[in-house]
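Trainee: I am new to this structure and would like to go through it slowly. Could we look at it together, one question at a time?

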Amino acid sequence: MSSPTTAVVGTGIVGIATAYYLAKQHGQGNITLVDRSQPMTFTSAQSGENYRNWWSHPTMVDFTNRSIALLEEIARDSGNRINMTRRGYALATRESDIDTLVAELRKGFGDKVDALLRFHTGGSASTYYPFEKPDWEGVPDGVDIVQNQDLIRSRFPSFDHAIRSIIHVRRGGDISGQQLGMYMLEYLREAGASRVIGEVKSIAAGNGFRVEVSTTDGVKQLQADRIVNAAGPFAGKIAAMLGVDLPLQNVLQQKISFEDSAGAVPRAQPFSIDLDPQLIDWTDEERAMLRQDADAAWMAEKMPGSIHCRPDGGDGGKWIKLGWAFNNTPSEARWEPAFDDNFPDIVLRGASRLTPALKTYYGRLPRGMHHYGGYYTMTKENWPLIGPMGPEGAFMNCALSGYGTMSACAAGELCAAWIANAPRPAYADGFSMARYANAQMMASLLDTDKGVL
Ligand SMILES: Cc1cc2nc3c(=O)[nH]c(=O)nc-3n(C[C@H](O)[C@H](O)[C@H](O)COP(=O)(O)OP(=O)(O)OC[C@H]3O[C@@H](n4cnc5c(N)ncnc54)[C@H](O)[C@@H]3O)c2cc1C
């Protein structure tokens, strides 16, 4: 008997990974991947491609640990075609008292925490594992908490000298999301999966699913036993076609990347985050002018922390990426989002606080600078939605917010297990709609740091 047919809506990294694990772990390669465009061209093309196992909730730690283990497996099997590095996440603050931050680490790592935290306050640097090489194998798990000022100055020479503490999360780094998607698509092609380019306009349930797809050759009807909603920012619209209302919102986030010809950011620097809130570095006149403009006044006031910076394009490259997910106002998803022209200047000035050498680009960002972005599609508690969705045979894999590249493997594996009705990990129910029936759990999730970066 041939395996049941599955239509996956969306060939971003989440839809691709779902199909990949359905074929690879359950032998069900009878899959049609539907997307209005080429694979990996919408949100998944805008990702910063960073990964970490640092979260304030043990369930998210388990989920991302599983995903990173699967990424490592692919890196190993493919001769590291996905360009996995492991320099970690360096969280920097000017505070010496970091008890609150350490308490958050304890919440996330739970019982294992004591084996995972290494404090470097004294004179010795010998136990602080180097990060200068991009190697991903052999690097310890856990977190180095560096408060020895000489060690900070010598290992992070480009950082603001007021930095007093660095929390260096070691199971973190970056990958090539595009290569990951291509690797999985090649496997799927071999496994017999097919692709249709066209926009899904309607879905009718009953005796499987009838999917109406608008293509350049006219309207096509697809029939499948099961359907997977992996439509990223449009997952709410796909769910609505089946009469399901998903608690989703889209929040636009932006980034810039440019050639760092001045060498302001050392090539071996980990993904670095300035945790401290700040007043953006405007001149007094600029700040006064901003305050007079009702639409721009917010830029003159205190901004949240978590601005990030990393080298891009490998050790031999010159580009850097800067991002700051300060927007928290949801908006309607659009195929061509409009970006704020002020963002490049805001993020550059913000990032210059941690890396003062970036000030050299004030007023003269290179012409080839790339200003881009996309939506964090998220639930209010910032947990994903993975599992059954309304009518029998319909599934969802969405709301992967700002962590969908790093968690795509575990999300794909979990959704595939739901589809194949196979054993599922302990985090399965919490990521399904079942969590909304648990008022206590929801209250505690809404009260926990949501890990939006
Ligand atoms: C600026 C930014 C930085 C990020 N940085 C990171 C990071 O560093 N690390 C990390 O892990 N994650 C990061 N993310 C998050 C990550 O990029 C996303 O979570 C992930 O790409 C979501 O993948 P997806 O497949 O769900 O969505 P998408 O990539 O958007 O794919 C959905 C697909 O569905 C298709 N589709 C939708 N509706 C229809 C329809 N009606 N018919 C046909 N096709 C349809 C779309 O064309 C699209 O191709 C970042 C996101 C942004 C925006």
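Trainee: Which exposed residues does the face of H3 turned away from its buried side carry?
Mentor: This is a predicted model, in which local features need pLDDT of at least 70, side-chain atom pairs count only at pLDDT 80 or more, and totals for chains, interfaces and linings use all residues. Residues are numbered from 1 along each chain as its sequence is written, while helices (H or I, at least four residues) and strands (E, at least two) are DSSP runs, numbered from the N terminus. A residue is buried if 20 or more other C-beta atoms lie within 10 Å of its own, exposed if 12 or fewer, and partly exposed in between, with C-beta atoms placed from the backbone. On the face of H3 turned away from its buried side, the exposed residues are Asp99, Thr100 and Ala103.

Trainee: Which residues of helix H3 are buried, and why do they line one face of the helix?
Mentor: Seen down the axis of H3, the buried residues fall within an arc of 85 degrees (taken from the directions from the helix axis to the C-beta atoms), so they line one face of the helix. These residues pack against helix H2 (58–77), helix H4 (113–116), strand S5 (117–120) and strand S6 (143–146). In helix H3, which spans residues 99–109, the buried residues are Leu105, Gly108 and Phe109.

Trainee: Into which domains is the chain divided, and how far apart do their C-alpha centres lie?
Mentor: The bounds come from an automatic or database domain assignment, and they give domain 1 (6–49 + 177–247 + 381–446) and domain 2 (89–172 + 250–378). Across the boundary, 13 residues of domain 1 are in contact with 14 residues of domain 2, where contact means that two C-beta atoms, placed from the backbone, lie within 7 Å. The C-alpha centres of domain 1 and domain 2 are separated by 31 Å.

Trainee: Which residues touch the most other members of the largest nonpolar core?
Mentor: A nonpolar core is a set of buried Ala, Val, Leu, Ile, Met, Phe, Trp, Tyr and Cys residues joined through C-beta atoms within 7 Å. The largest one has 119 residues, and those touching the most other members are Val9, Ala17 and Ala19.

Trainee: Why does this core lie between the two domains, and which element gives the most to it?
Mentor: Both domain 1 and domain 2 give residues to this core, so it lies between them. The element that gives the most, with 11 residues, is H10.

Trainee: How many residues surround the ligand, and which strand supplies the largest share of that shell?
Mentor: Counting a residue as near when its C-beta atom, placed from the backbone, lies within 6 Å, there are 41 residues around the ligand, of which the closest are Gly10, Gly12, Gly48, Gly232 and Gly404. At least three residues of the shell come from each of domain 1 and domain 2. The largest share, four residues, comes from S20.

Trainee: Where does Asn382 lie, and is Asn382 buried or exposed?
Mentor: Asn382 is found in the loop between S20 and strand S21 (385–388), and it has a positive phi of about 65 degrees although it is not a glycine. Most residues other than glycine have a negative phi. Since 22 C-beta neighbours lie inside 10 Å, Asn382 counts as buried.
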